[in-house]
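Got a model open and wondering where its labels come from? Let's take some of them one at a time and check each against its rule.

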Amino acid sequence: MIKVAVLGYGTVGSGVVEVIQDNNSLISAGLDDSIEVRYILDLREFPGDKNESLVVHDVNVIMDDPEIDVVCETMGGAGAAYEFTKAALKKGKSVCTSNKELVEKYGPELIELARENGCNYLFEASVGGGIPIIRPMNTSLAPEHIDSIKGILNGTTNYMLTKMSESGVGYDDVLKDAQELGYAERNPEADVEGHDAGRKIAILASLMTGKTVRYEDIYIEGITKIEAVDFAFADRLGRSIKLIASAEDKDGSISAMVAPRMLSKDHPLSVVSDVFNAIYVTGNMLGDVMFYGKGAGKLATASAVVSDVIELARAAKDKVTLPCVWSKEPVKLADRSDVRARFFVRIATGDADRLKYALGKAQRIADIDGQTGFVTDEMTEREFLNAIKDMDVRTIRFD
Ligand code: HSE
């Protein structure tokens, strides 16, 4: 019998308990052992909840119980969650988590601590919710040199961009609609400013390089400046606008970024709509592969956590260390100014000639609602920023 403790009985934590209990016979059959939630740690009481009797308020009850093999940390944040994770690993209890903030900040340290104590630290649910991506990166894609990762890693912003594109509605109205539907938080900053996607691509870029790509070093641009007219231009160009988190390895020069992009409608990411996420990975031998699914939500995310529980239970039985190459060595990212790209750029039509002159080779697309849109040839970001300096323009990267 594998005994599990769940830290935090919120949306994901309660989902983890539900998945383990509802799919118990199936999970047990696959494991050839049974699995049981023994404790749920939370500060709150849950009167009337069917798992009320499992709730404890003192984490030491869990840490001091030698029968607990696996701890699921679904508390979030990098405070108590960090302390509890370290305490569990030091006791030889394997930990799995959905907590991207903790993984991004302390991933290599916690992996190493787990190894020192003969257990494992897994984090499948920290990126892409229910989409399997961390385990494939560590196993199925292990023979590959990963050339690039491009992902739609945030459901809230993908929902908003999809609605803006379909309905022609502006940013503020779409945000209000997303908040009413529960897809966006009351304080939407982490999602709409791109920080959530930034933490997730930092984790994936670290696994891509085997070293540490720090979230703080990644250039992050959210969706708050995207307006309805941008979708009119995108439509004219046969393109979709998506918030893309990307990481690239060009002959050892690593770049990473989160920014809106106008994607060709031929690109598989361009048709990923609503709250769905997708991760498009290019390996040097495999070529392109895309992972698609629900990037958030109670049961989808919980399912990914429970997939880790199963993996941890198997590893504990066989006393094995699971593969994950992620060292503390920091990666120095390439200077974004040197990266070559194409840009969509628009300006008030009265100033269009001045912009055309400054850009040199650029294709004039159309005049829409008093704005004139251009698409540049490939140029470095430094050249582009020099060309548009002192001009009141809006730009979106053009892939
Ligand atoms: N706010 C996140 C999203 C939740 O919208 O994707 C999952 O990390």
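Q: Which residues make the contact between helix 13 and helix 14?
A: This is a predicted model, by the way. On the helix 13 side you have Leu355, Ala358 and Leu359, and they meet Phe384, Ala387 and Ile388 of helix 14.

Q: What makes up that contact of helix 13 with helix 14 by class: nonpolar, polar or charged residues?
A: It has six nonpolar residues, with no polar and no charged ones. Ala, Leu, Ile and Phe count as nonpolar, so that is how the names sort out.

Q: How do you describe the packing of helix 13 and helix 14?
A: Two packed helices are described by the angle between their axes and the distance between the axes. Here helix 13 (residues 352–359) and helix 14 (residues 381–388) pack at about 145 degrees, and their axes are 9 Å apart. As for handedness, helix 13 passes helix 14 in a right-handed crossing.

Q: Why is the aromatic pair of Phe276 and Tyr292 called stacked?
A: Two checks. The centres are 5.1 Å apart, and rings pair if their centres lie within 6.5 Å, so this is a pair. Then there are 5 degrees between the planes, and planes under 30 degrees apart count as stacked, so the label follows. The count of aromatic pairs by this rule comes to eight.

Q: What does the pair of Phe276 and Tyr292 tie together?
A: Phe276 is in strand 11 (residues 276–283) and Tyr292 is in strand 12 (residues 287–294), so the pair ties together parts that are 16 residues apart in sequence.

Q: Why does Phe276 count as partly exposed?
A: Its relative accessibility is 27%. Buried means under 20% and exposed means over 50%, so a value in between gets the partly exposed label. Tyr292, at 46%, counts as partly exposed too.

Q: Which residues do ring pairs link into a cluster?
A: Tyr121, Phe123 and Trp326.

Q: How do you know that the charged end of Arg239 sits over the ring of Phe398?
A: It is 3.9 Å from the ring centre. The rule wants CZ of Arg within 6 Å of the centre and within 35 degrees of the ring normal, so the distance part is easy to check. Arg336 lies over the face of Tyr219, at 3.6 Å from the ring centre.

Q: Why is Val4 called buried or exposed?
A: Buried, at 0% relative accessibility; the cut-off is under 20%, so there is no argument here. Val4 is part of strand 1 (residues 2–7). Beyond residues up to four places away in sequence, it touches Ile20, Ile35, Glu36, Val37, Arg38, Tyr39, Ile68, Val70, Cys72 and Val309. The C-alpha atoms of Val4 and Ser94 are separated by 9.8 Å, with their positions 90 residues apart along the chain.

Q: What makes Gln371 buried?
A: Its relative accessible area is 17%, and under 20% means buried, so Gln371 qualifies. Gln371 lies in strand 15 (residues 371–376). Its contacts, leaving aside neighbours within four places in sequence, are Phe233, Arg346, Ile347, Ala348, Thr349 and Ala366.

Q: What label does His195 get at 28% relative accessibility?
A: Partly exposed, because 28% falls between the 20% and 50% cut-offs. His195 is in helix 10 (residues 195–209). Leaving out neighbours within four places in sequence, it is in contact with Glu189, Ala190, Tyr215 and Ile220.

Q: Why is Asp172 called exposed?
A: The relative accessible area of Asp172 is 58%, and exposed means over 50%, so the word fits. You will find Asp172 in helix 8 (residues 171–180). C-alpha to C-alpha, Asp172 and Met160 are 9.8 Å apart in space, and twelve residues apart in sequence.

Q: What is phi of Asp251, and where does the residue lie?
A: Phi is near 50 degrees, a positive value in a residue other than glycine. Asp251 lies in the loop between strand 9 (239–250) and strand 10 (253–264), and at 84% relative accessibility it counts as exposed.

Q: What about phi of Lys319?
A: Positive, at about 55 degrees, although Lys319 is not a glycine. Lys319 is in the loop between helix 12 (298–318) and strand 13 (340–348). It is exposed, with a relative accessible area of 73%.

Technical notes:
Residues numbered from 1 in each chain as written. Predicted model: local features only at pLDDT ≥ 70, side-chain atom pairs only at ≥ 80, totals over all residues. Heavy atoms only, no water. Axes fitted to C-alpha atoms, helices over the stretch in contact; angles between N-to-C directions. Helix = DSSP H or I, 4+ residues; strand = E, 2+ residues; numbered from the N terminus. Left-handed = near helix turned anticlockwise from the far one by under 90°. Contact = heavy atoms within 4.5 Å. Phe/Tyr/Trp six-rings, centres within 6.5 Å; stacked < 30°, edge-to-face > 60°. Buried < 20%, exposed > 50% of the residue type's maximum accessible area, 1.4 Å probe, protein only.
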